[in-house]
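Subject: Structure for your review

Dear colleague,

Please find the structure below, handed over for your examination. My notes on what was found in it follow directly after.

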Amino acid sequence: MTEQHFSFAKSIATVSLSGTLPEKLEAAAAVGFDGVEIFENDLLTYDGSPADIRRIAEGLGLAITIFQPFRDFEAMPENIRVRNLDRAERKFDIMQALGTDLVLVCSNVQPSAIDDDIRAAADLAEMAERASRRGLRVGYEALAWGRHVNTWKHAWDIVQKADHPALGLIVDSFHTLSINDDPAGIADVPGDRIFFVQLADAPLMKMDVLSWSRHFRNFPGQGELPVDDFLRAVLASGYRGPLSLEIFNDDFRTAPARQTARDGLRSLILSEAKAGYGKGLPEPPAFDGFEFLEFAVDEQAKEDLAAFLGSLGFRHAGRHRSKSVELYRQGRVNLVLNSEPDSAASEHFQMHGPSVCAMALRVDDADKAVDRAEALLYGTWRERIGEGERRIQSVRAPDGTLVYLVQPDQSGHSIWEDDFTLFPETEESGLTCIDHVAQALPFGRMDSFILFYRGVFGFVLEQLWELPDPYGLIQSRAIVSPDRSVRLPLNFSESRKTATGRFVSATAGAGVHHIAFATDTIEKTLTSLTKADAPMLPVPANYYDDLAARLGLDDDVLSDLQRFGLLFDRDDQGEFSHAYTETFEERFFFEIVQRRGGYQQFGAVNAAVRMAMQTRLREQTQIEDFLS
Ligand SMILES: O=C(O)c1ccc(O)c(O)c1
Ligand SMILES: [Mg+2]
């Protein structure tokens, strides 16, 4: 085995998972972790002995990698110093019962702590000496909010001053990266003097670092800290101990433990591979937009949706050779309506009603992408196919929906030519391709989806938006392929009454809640949609007054926008005009967009208007239904 293939032991702190202590251990073991950090609080609230935990862990094949934290120890006034050393001896007893040899001492946060590195070093040396007599070791970690010690370098200085073989350094990516401290120098610490490595990411937020750390950490790859740079520096030191996830996160505390644990292991596999270790991963594929979207429908929904799509200029372009599957097409947009009984689509329909059950992306190499998904523990799926039909590979997104990967075939045929009877072309309304597909996620699932799209596909995370719905806030964040041919805004809401919240309840889970089609001639497109009686969402006149004031638009530009019912946005890069349809059966809707210049956003400034209009229409319909 070459050095590059060295695989690190993978560990997770019990604080990262929900449940009782045995439940946490079971979840960690079930998904394949090698070890766990026992967080003292989880032990205190467990009504068994440390020896019981040791037995459970052993039975599950889990090592106890560390016991933590031991707080407010070093450089205290003399009377407390003696008490602290006694306290340490009691914790050593627990460690021996647990069967772990390492304890984490985090830097003192007490106001009474003395600012004296020599005292701190002497105290830690004394603790390490006592630990070593019992075959135990002590690791010292700088908390970002430590009273006097808050950088890895300062902690390392003290460890060097203490100069005891049973005392080493512990580094934690969050504490270093949250205060913008440079991890590069960790590469120069001798690897065997680093006793333990903790990894955590976090979204960038403006708040005090203690609250940020205690509530918003997430797994590497889910946040915005440069954890990869941190890990590269740490591994350059020669460290070969465990990599351990230590995540304090309010959502993780409530989410099912196995689901969280599996994401954690994925995140470690990914981090290790990016640092050049472990089994390695195939590169993500290159993308070329959406090949199709598939809707799960029954006979009635198929008829209604086909009529809706017809008003948007889609033509019935083909029928599957062996299944009850219809193709609607315009430009490069392919929409598939699947009512085949006994299929993945019908299963989706049973659970979620009429909705998008699969998304297909064009890639250069589907096999490679599926291999990468499998290496990251994601499910894959191959549907039964008829004679001579193309087998399309797919991976399962965190909500269970399929993401198909379509690569160019050697024959030069498209999947449509291979699997469908195609009908002659007719007139269209100028839609060219799918611009973006927006999804509504159940609350608390954003991190899982981000890890999936970033990890498997190498997508890039965009800015977070807070969109005011009439009944609550919606958080929205797009994730896009590096070439931007695939754009996926992801929305979630704490309130069940917002458009996103209602969608999640109505469809029993995550799903596509709108699909945006691109056009190069939006006014012509809207003219033909109006002629076809497409149910477009009206825009209130107030919107245009505000737009005029905000962007200083010419009167004739403004009156054109208003005439076609267009929303508008502009940034340094370019301009964006867009319009929405009404909602199909309270479920999903469509958007028509035109980008000009280098505009890359999604018109988030206009989302509030859209949601207010949707709410009004919905309430109107409810009243009419009630009266009729
Ligand atoms: O938030 C804390 O107190 C805390 C404790 C132990 C750690 O290892 C840590 O990173 C943070
Ligand atoms: Mg830590």
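In these notes, contact means that heavy atoms lie within 4.5 Å. By that criterion, and leaving aside neighbours within four places in sequence, glutamine 198 is in contact with Glu37, Gln68, Leu104, Glu141, Ile170, Val171, Asp172, Ser173, Phe230, Ser244 and Glu246. Please bear in mind throughout that this is a predicted model.

**The magnesium site**

Glutamine 198 belongs to strand β7, which spans residues 194-199. Its relative accessible area is 0%, so glutamine 198 is buried. Glutamate 246 is placed in the loop between β8 (243-245) and α10 (250-254). This glutamate 246 also counts as buried, because its relative accessibility is 2% and the limit for that term is under 20%. With neighbours up to four places away in sequence set aside, the contacts of glutamate 246 include Glu37, Gln68, Glu141, Asp172, Gln198 and Arg217. Ala13, Val15, Ser16 and Phe39 are also among them, as are Leu199 and Ala200.

Which residues supply the protein donors of the magnesium ion (ligand 2)? They are Glu141 (OE), Asp172 (OD), Gln198 (OE1) and Glu246 (OE), at 2.0 to 2.2 Å from the ion. Six donor atoms surround the magnesium ion (ligand 2), and the angles they subtend run from 77 to 177°, so the arrangement is octahedral. Along the sequence, the spacing of the donor residues follows E-x30-D-x25-Q-x47-E. Because glutamine 198 lies in strand β7 and glutamate 246 in the loop between β8 and α10, the pair ties together parts that are 48 residues apart in sequence.

The UniProt record, an unreviewed entry, carries the annotation "binding site" for Glu141, Asp172, Gln198 and Glu246. These positions are spread over 106 residues of sequence, yet they cluster in space, with a largest C-alpha distance of 12.9 Å.

**A second annotated group**

The unreviewed UniProt entry also places the feature "binding site" at His436, His514 and Glu591. Here the spread in sequence is 156 residues, but the positions cluster in space, and the largest C-alpha distance is 9.2 Å.

Histidine 436 is found in strand β18. Its relative accessible area is 1%, and histidine 436 is therefore buried. Apart from residues up to four places away in sequence, histidine 436 touches Phe290, Arg487, Pro489, His514, Ile515, Ala516, Glu591, Val593, Arg595 and Phe602; His514 and Glu591 thus appear both in this contact list and in the annotation.

Strand β18 covers residues 431-440 and contains alanine 440. Is alanine 440 buried or exposed? It counts as buried, because its relative accessibility is 0%. Alanine 440 and histidine 513 are separated by 73 residues in sequence, while their C-alpha atoms are 6.0 Å apart in space.

**Aromatic pairs and charges over rings**

The structure holds 28 aromatic pairs. One of them joins phenylalanine 292 and tryptophan 416 in an edge-to-face arrangement, at 5.4 Å centre to centre and with 75° between the planes. This pair links distant parts of the chain, since phenylalanine 292 is in strand β9 (residues 287-296) and tryptophan 416, 124 residues apart from it, is in helix α15 (residues 415-419). Phenylalanine 292 counts as buried at 5% relative accessibility, and tryptophan 416 counts as buried at 2%.

Why is the pair of phenylalanine 576 and tyrosine 599 described as stacked? The ring centres are 4.8 Å apart and the planes stand at 10°, so the pair is stacked. Phenylalanine 576 sits in strand β24 (residues 574-580) and tyrosine 599 in the loop between β25 (589-597) and α21 (607-627), so the pair ties together parts that are 23 residues apart in sequence. Both phenylalanine 576 and tyrosine 599 are buried.

One aromatic cluster is formed by Phe295, Phe308, Phe314, Phe517, Phe584, Phe588 and Phe590.

Two arginines are also placed over aromatic rings. The charged end of arginine 240 sits over the ring of phenylalanine 6, at 5.5 Å from its centre. Arginine 266 lies over the face of tyrosine 378, 3.7 Å from the ring centre.

Yours sincerely

Technical notes: Residues are numbered from 1 along each chain as its sequence is written. Chains are lettered from A and ligands numbered from 1 in the order in which they are written. This is a predicted model: local features need pLDDT of at least 70, side-chain atom pairs count only at pLDDT 80 or more; totals for chains, interfaces and linings use all residues. Side-chain values use heavy atoms; hydrogens and water are left out. Helices (H or I, at least four residues) and strands (E, at least two) are DSSP runs, numbered from the N terminus. Buried means under 20% relative accessible area, exposed over 50%, partly exposed in between (1.4 Å probe, protein chains only). UniProt positions are given in the numbering used here, feature names are shortened, and annotations may be inferred rather than shown by experiment. Rings of Phe, Tyr and Trp (its six-membered ring) pair if their centres lie within 6.5 Å; planes under 30 degrees apart count as stacked, over 60 as edge-to-face and the rest as tilted. A charge sits over a ring if NZ of Lys or CZ of Arg is within 6 Å of the ring centre and within 35 degrees of the ring normal. Donors are N, O and S atoms within 2.8 Å of the metal (3.2 Å for Na, K and Ca); water is not among the atoms, so sites may look incomplete. Four donors count as tetrahedral if all angles lie between 85 and 135 degrees; four count as square planar and six as octahedral if opposite donors are over 155 degrees apart and all others between 65 and 115; anything else is irregular.
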